[in-house]
Amino acid sequence: MRIAIGARTLLENFDLDVLPGELIAIVGPNGVGKSTLLRAIAGFDAVASGDIAIDGIAVRALSGRDRARAVALATGDGEHAYGASVRDVVAAGRFSYRAGWDWSESDDDRRATLAALERAELDRLADRRFESLSSGERQRVWLALALAQDARVVLLDEPTAHLDPRYALDVLCLMRGIAHGATTAFVVLHDLNEAAMIADRVAVFGNGRLLAFAPPEIALDPEILENAYGVAFDRVVVDGAVRVLPRGYRAASIPTGI
Amino acid sequence: MIARWSALVALVACACTIGLFVGGSALAPAEVLRALFHPHATTDAATIVWTLRVPRVLGAAFVGAALAMSGVLLQGLLRNPLVDPFLTGVSAGAGAAIAIAVAVGAAAPLIPGIGFAAGLATALFVAFLARRRGGLDVERLILAGVSLSALFGAIVTLVLVRLGRGSGDAVLAWLAGSLANRGYAELVTTLPYAVVGLICAALAVPSLNAMRLGTTVARAVGVDVVRTQWLVLAAATLLAAAAVALAGVVGFVGLIVPHVARRLAGTDARASLSASALLGAALVPLADAVARSIAQPTEVPLGVVLAFVGVPTFLYLYTKSADGARLWGT
C-alpha cells in the first residue's frame, strides 16, 4: 500500500494485516503520515496505490452509511459542538442506522446511545453541553460516539494528547475494552509507553516506511526507534513490562543563556 | 417541553388574530368577528377582512416562517451565528434586478417574478464561486455573498440616484419590505417554491444535526457532507427567495429569530427549525400589525418596524444573560 498527499508520498510499500479483536498502536515521528493513514482507513481519502479492506471488502467501495457502520473514526475536529449536549454528540453515532430523512430515533438507537454513555462512564454528564467538559471528558465522549456507532474497526487519533496521567489511563482502559471480539482498534499514540502498555501489536513508521509491525516488546526496539525518530532510546523492564525512554541530552550539550 | 411548543403555537394564533383586527380602515372588533364567521357576506367588512386582511396576515406568517427557517438553516450549516438568509445574495440580487426593471419601466406585476429569479440566480452564482472539490467552502461562501451583495447594493444606489423621487419610490418601498396589497394570488405563486425549500430542509435536518459536530465527525458517522451542503443551501435560498418575492427585503427576522429559537428549544436542528418557523410566523404578523397601525393613515415599512422591535429585544436577550457571549443558546 502507498499513502500520499498530492504528489508527496508519505508511506510506501507496506501491508498491515490485522485480526479481529486486536488493538494496534501506530507510532512514528510527527508528519510521517499516521493521521493520513487513519483517514485512509476511515475511507475519507483514497490511497495512492493498494487498498484497505475489511473482511475482504474495500472501504472506498462502501457508501457513506455502510462505511460508518464498518469503521468509526473517533476524533473531534474542533472545540465546539455548537450547543450539542453530550447525549446529542454520542447519539450522532447512530446516524448511519436510519434513513437520512428520518427525524426520529429508534429504540435501538436510544439503547445503543445509552449503553455507550454508560460504558464511557458519561451517563452523569449526558445532559451537559459538550463545550463545558474538560479535555479528558471530551475524549471519552468521542470514544462513546465510536461505541454507539458499533463499527468493526475503531480509529483513534492521539486520544491521550493533552491528558493528565489519570485521564490518559481512563481513556487507555476504555480503548483496551473496545478492542475485543470482532472489534479491532487502531490508535495513533505519541507516548511509546502507552503503546507498550495496551497494544497487541505496534506499527512503527519512519522515513516513509513501516519499520516494524510486531508485539510491543519486539517492535519497541531501541534500534528501530532510533531509526524512526533519530533519537537514541534506552529500553528498560519494569515489573516484567517493557518501557522505552529517549536517552536524554547530556547536560553539557544543552545550550544555555538563550 | 409540550408546554413550550403549545405556547409557541398559541403565540402564532394570537399574533395572526391581532393582525386581523388591525388595519387601514377602522372596523370595530365585532364587525371583524362577524365577517370572519360569514365569509360570503356582501358587507364591506367581509370584503376587507377576507380579501385584504386574511391574505395579508397569512402572507406575513409565511414570510416570517420562511425567513426564520432560512436563517436557522444557514447558521447551522455554516456554524456561524452572524449569518442571515440574505448572505447568499438573494436579496441583493433581487434588489438590483428590480431596480433595473423599474428603471426600464417593467410592468408592476412582473416585479416579484423578476426579484425571485434574480435572487435565485445570484445565490447560484455565489454557490458556484464558493465551490471547492464538489463541496462548499464556508469562508468563500461568506466572502462571495458579502462582496456580491455590496456590488448589487451599489447598483441599487446608482439606479435610485438616477431615478430620483417618484419612480425611485417603488424601488425604495420594495427594499424596505412591505406586505401592503398582497393578496392570495401572490401568496399562491410563491408558496410552491417555499414548499420545495421546506422539503429540502426536512431531508437535510438529521444530517445537519450531525454537522454540528464538524465536518470530520459528520463524515465519520456517515453523513454525505457535500449533499447536505447543497440541500441546505437550496432550502435556505428557496425559502428566502420566496419571502423576498412576496414581501421585499424584510430584514432582521432571519438573523434574530433563530437565536431566540435556539434559546427556547436548543440547537438540535429538529427543534430549532420548528421553533424558528413558529416564532417567525408570530413575529412578522405582529410587526406588520404595528406597521399598519402606528402611523395611520400611512404605513411604516415592515423592515423598519422589525429593526426597531427586533434589535433591542436581541440586545436585551444577550446582555441580560450571564453567558451573553454564547451565541449558540441554551
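## Strand β8 of chain A

Let's start inside chain A, with strand β8 (residues 184-188): five of its five residues are buried, so the strand is largely enclosed by the rest of the structure. The cover reaches both faces of β8(A), with A:Thr184, A:Phe186 and A:Val188 buried on one side and A:Ala185 and A:Val187 buried on the other. Please keep in mind as you look around that this is a predicted model.

Which strands pair with β8(A)? One partner is β3(A), which pairs with β8(A) in the parallel sense over four bridges. Here A:Ala25 stands opposite A:Val187. Another is β7(A), also paired in the parallel sense, over five bridges. In that pairing A:Asp157 stands opposite A:Val188 of β8(A).

## Strand β9 and its hairpin

Strand β3 (residues 23-27) of chain A also leads us to β9(A), since four bridges join the two strands, which run parallel. A:Ala25 turns up again here, with A:Val202 as its bridge partner in β9(A). Strand β9 (residues 201-206) has five of its six residues buried, so this strand too is largely enclosed by the rest of the structure.

Next along the chain comes strand β10 (residues 209-214), joined to β9(A) by five bridges in an antiparallel arrangement. One of the pairs to look for is A:Phe205 with its bridge partner A:Leu210 in β10(A). The two strands form a hairpin with two residues between them, and A:Asn207 in the turn has a positive phi of about 50 degrees.

## A closer look at A:Arg201

A:Arg201 has its place in strand β9 of chain A. Is this residue buried or partly exposed? It is partly exposed, because 19 other C-beta atoms lie within 10 Å, whereas a buried residue needs 20 or more.

Leaving aside residues up to four places away in sequence, A:Arg201 touches A:Glu22, A:Ile24, A:Phe213, A:Ala214 and A:Pro215. You can also find A:Phe186 from here: the two residues are 15 apart along the chain, and their C-alpha atoms are separated by 9.9 Å.

## Helix α5 of chain A

Helix α5 (residues 135-149) of chain A has 15 residues and reaches 21 Å from its first C-alpha to its last, close to the 21 Å expected at 1.5 Å a residue. Twelve of the 15 residues are buried, so the helix is largely enclosed by the rest of the structure. Among the buried residues are A:Arg138, A:Arg140, A:Trp142 and A:Gln149.

What do the buried residues of α5(A) pack against? Their surroundings in chain A are α2 (64-70), β6 (71-73), α3 (86-91), α4 (107-119), β7 (153-157) and α6 (165-178). Just after the helix comes A:Asp150, whose phi is positive, near 55 degrees.

## Two domains in chain A

Chain A is divided into domain 1 (1-55 + 186-258) and domain 2 (60-151). Six residues of domain 1 are in contact with six residues of domain 2. On the domain 1 side, the touching residues divide into five nonpolar, one polar and no charged.

## Where chain A meets chain B

How many residues of chain A are in contact with chain B? There are 27, and they are in contact with 27 residues of chain B. On the chain A side, α2, β6 and α3 each supply at least two residues. The largest share, four residues, comes from α2(A). By class, this side of chain A has 13 nonpolar, nine polar and five charged residues.

For the complex, the predictor gives an ipTM of 0.86 and a pTM of 0.89. Chain B has a mean pLDDT of 87, and 96% of its residues reach 70 or more.

## A buried glycine in chain B

Over in chain B, B:Gly251 lies in the loop between α10 (225-247) and α11 (253-265). Why does B:Gly251 count as buried? Because it has 24 C-beta neighbours inside 10 Å, and 20 or more is the cut-off.

Setting aside residues up to four places away in sequence, B:Gly251 touches B:Gly177, B:Gly303, B:Leu306 and B:Ala307. Another residue to look for is B:Gly310, which is 59 residues apart from B:Gly251 along the chain, with 9.6 Å separating their C-alpha atoms.

Note on methods:
Residues are numbered from 1 along each chain as its sequence is written. Chains are lettered from A and ligands numbered from 1 in the order in which they are written. This is a predicted model: local features need pLDDT of at least 70, side-chain atom pairs count only at pLDDT 80 or more; totals for chains, interfaces and linings use all residues. pLDDT is the predictor's confidence in each residue, from 0 to 100. Two strands pair if DSSP finds at least two bridges between them. Domain bounds come from an automatic or database domain assignment. Two residues are in contact if their C-beta atoms, placed from the backbone, lie within 7 Å. Ala, Val, Leu, Ile, Met, Phe, Trp, Tyr, Cys and Pro count as nonpolar, Asp, Glu, Lys and Arg as charged, and the others, Gly among them, as polar. The expected span of a helix is 1.5 Å times one less than its number of residues.
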